[in-house]
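The following exercises are to be worked through with the predicted model at hand. Each task is followed by a stepwise solution.

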Amino acid sequence: MTTTDANATISIEKVSKHYRDQTALDGLSLTVPEGSVFGLLGENGAGKTTTLQILLGLIAADGGYARVLGLDPAKDGLEIRRRVGYVPELPALYDWMTVSEMGWFAAGFHPEAVTGTAPYQTRYADLAQGFGLPPKRKIKALSKGMRAKVSLSLALAANPKLLILDEPTSGLDTMVRREFLESMVDLAADGRTVLLSSHQIAEVERVASHVALLHQGKLILAEPLDELRAHTFLLAVNFQTRDHDPAPPASLPLELIDAADAPRQAHWLVRARDRAACDTVRHLPGVESLQIESPGLEEIYIGYMRGRRPAPAPPTSAIHVA
Ligand SMILES: Nc1ncnc2c1ncn2[C@@H]1O[C@H](COP(=O)(O)OP(=O)(O)OP(=O)(O)O)[C@@H](O)[C@H]1O
């Protein structure tokens with residue numbers, strides 16, 4: 001019934017989640033390979049947090065099946081949360097504890113010495129120090145970014161095989177964001193897997209090996225970032241006349257993602273095997289010139305999102321009111 005990938009740290013199969021009449025996830029299937037830095041992208045309300053919470057067994061799916069480190073979140077949520085470093089969007093910390101006490105408290109949930117490394121509390125203290133956190137300061141007196149750093153230190157101190165991060169860099173200053181994201185790449189190089197949800201597309205582009213795009217609870221695409229970049233092109237097509245094709249004809253070996261039209265010009269964001277496939281546009285009737293560019297992840301993201309927007313409503317003057 002399932003197609004679990006032996007190299008997958010996470011597999012999700014046709015998972016759905018509804019809240020009353022709101023669909024949060026609609027038959028989502030996704031595989032996160034071991035050792036990847038996997039960026040989950042999508043607009044507000046796309047279902048990113050819901051996905052992460054189902055994987056951690058914090059909420060139950062209505063249908064479908066998931067596996068995390070070989071465990072079933074529906075049954076083994078507690079064990080998954082023990083093994084996975086999780087940084088939630090809004091970290092739940094005890095305000096009355098100090099930075100240092102927070103590590104002592106969390107160490108209680110990680111009694112086993114971390115194999116081959118310092119115990120949890122020592123690693124936490126080192127990480128907190130590395131982030132410049134004052135050990136004696138109370139959590140309630142920390143800034144938003146400092147709280148995020150505490151949360152990250154707590155997650156990383158367990159030396160987890162898998163890190164799940166929901167908007168991990170929101171609230172962090174530019175320098176720390178950069179350092180933090182680079183440490184994600186180091187973790188992956190060490191064989192760990194990182195799944196992060198983010199709105200910071202430029203950051204995801206810098207560190208992710210894989211990306212997935214969610215839209216209204218559905219998967220739009222999931223693939224290695226290199227492949228996505230290698231097969232996505234932005235074509236700027238200049239036509240001799242104003243009257244031109246609004247999209248590449250179906251006979252060309254191109255898949256249109258998004259099109260923007262101007263009187264004698266069109267911008268087509270397409271998937272294609274390679275540049276040579278894009279070059280076929282040059283031979284369309286009426287084409288004066290063609291430029292082929294390789295778009296960045298942000299342009300690709302916007303193109304996919306815009307391509308999924310419903311057509312604009314007709315102007316109100318066209319609506320007959322009885
Ligand atoms: N507890 C809840 N009760 C009702 N609806 C919910 C609940 N949690 C999430 N939803 C709805 O499910 C959908 C997906 O929400 P989710 O938080 O997963 O999105 P997201 O992609 O993480 O968004 P954001 O980027 O804004 O954090 C949204 O429409 C949201 O309103």
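**Exercise 1.** Identify the bridge partner of histidine 18 in β2, and then place the strands concerned within their sheet.

*Solution.* Step 1: histidine 18 is bridged to threonine 23 of β2. Step 2: the pairing of strand β1 (residues 8-19) with β2 is antiparallel and extends over eight bridges. Step 3: the open sheet consists of three strands, ordered β2-β1-β4, with antiparallel pairing. Step 4: β2 (22-33) and β4 (63-68) are the edge strands, each pairing on one side only. Step 5: on average, neighbouring strands of this sheet are turned by 15 degrees against each other, direction ignored.

**Exercise 2.** Determine where the largest nonpolar core lies with respect to domain 1 and domain 2.

*Solution.* Step 1: the core has 67 residues, of which Phe38, Ala155, Ile164, Val194, Leu195 and Ala212 touch the most other members. Step 2: helix α5 (residues 144-157) supplies the largest share, eight residues. Step 3: residues of this core come from both domain 1 (8-216) and domain 2 (228-306), so the core lies between them. Step 4: another core, of 13 residues, lies apart from it and includes Ile257, Ala266, Trp268 and Cys278.

**Exercise 3.** State over which residues pLDDT stays under 50, and set this against the mean for the protein chain.

*Solution.* Step 1: the protein chain has a mean pLDDT of 86, with 91% of its residues at 70 or more. Step 2: pLDDT stays under 50 over residues 311-322, where the model has one contact beyond four places in sequence. Step 3: where pLDDT is low, predicted coordinates should not be read in detail.

Note on methods
Residues numbered from 1 in each chain as written. Predicted model: local features only at pLDDT ≥ 70, side-chain atom pairs only at ≥ 80, totals over all residues. pLDDT = per-residue confidence, 0-100. Contact = placed C-beta atoms within 7 Å. Core = buried A, V, L, I, M, F, W, Y, C linked by C-beta atoms within 7 Å. Buried ≥ 20, exposed ≤ 12 C-beta atoms within 10 Å, placed from the backbone. Helix = DSSP H or I, 4+ residues; strand = E, 2+ residues; numbered from the N terminus. Domains from an automatic or database assignment. Pairing = 2+ DSSP bridges. Axes fitted to C-alpha atoms, helices over the stretch in contact; angles between N-to-C directions.
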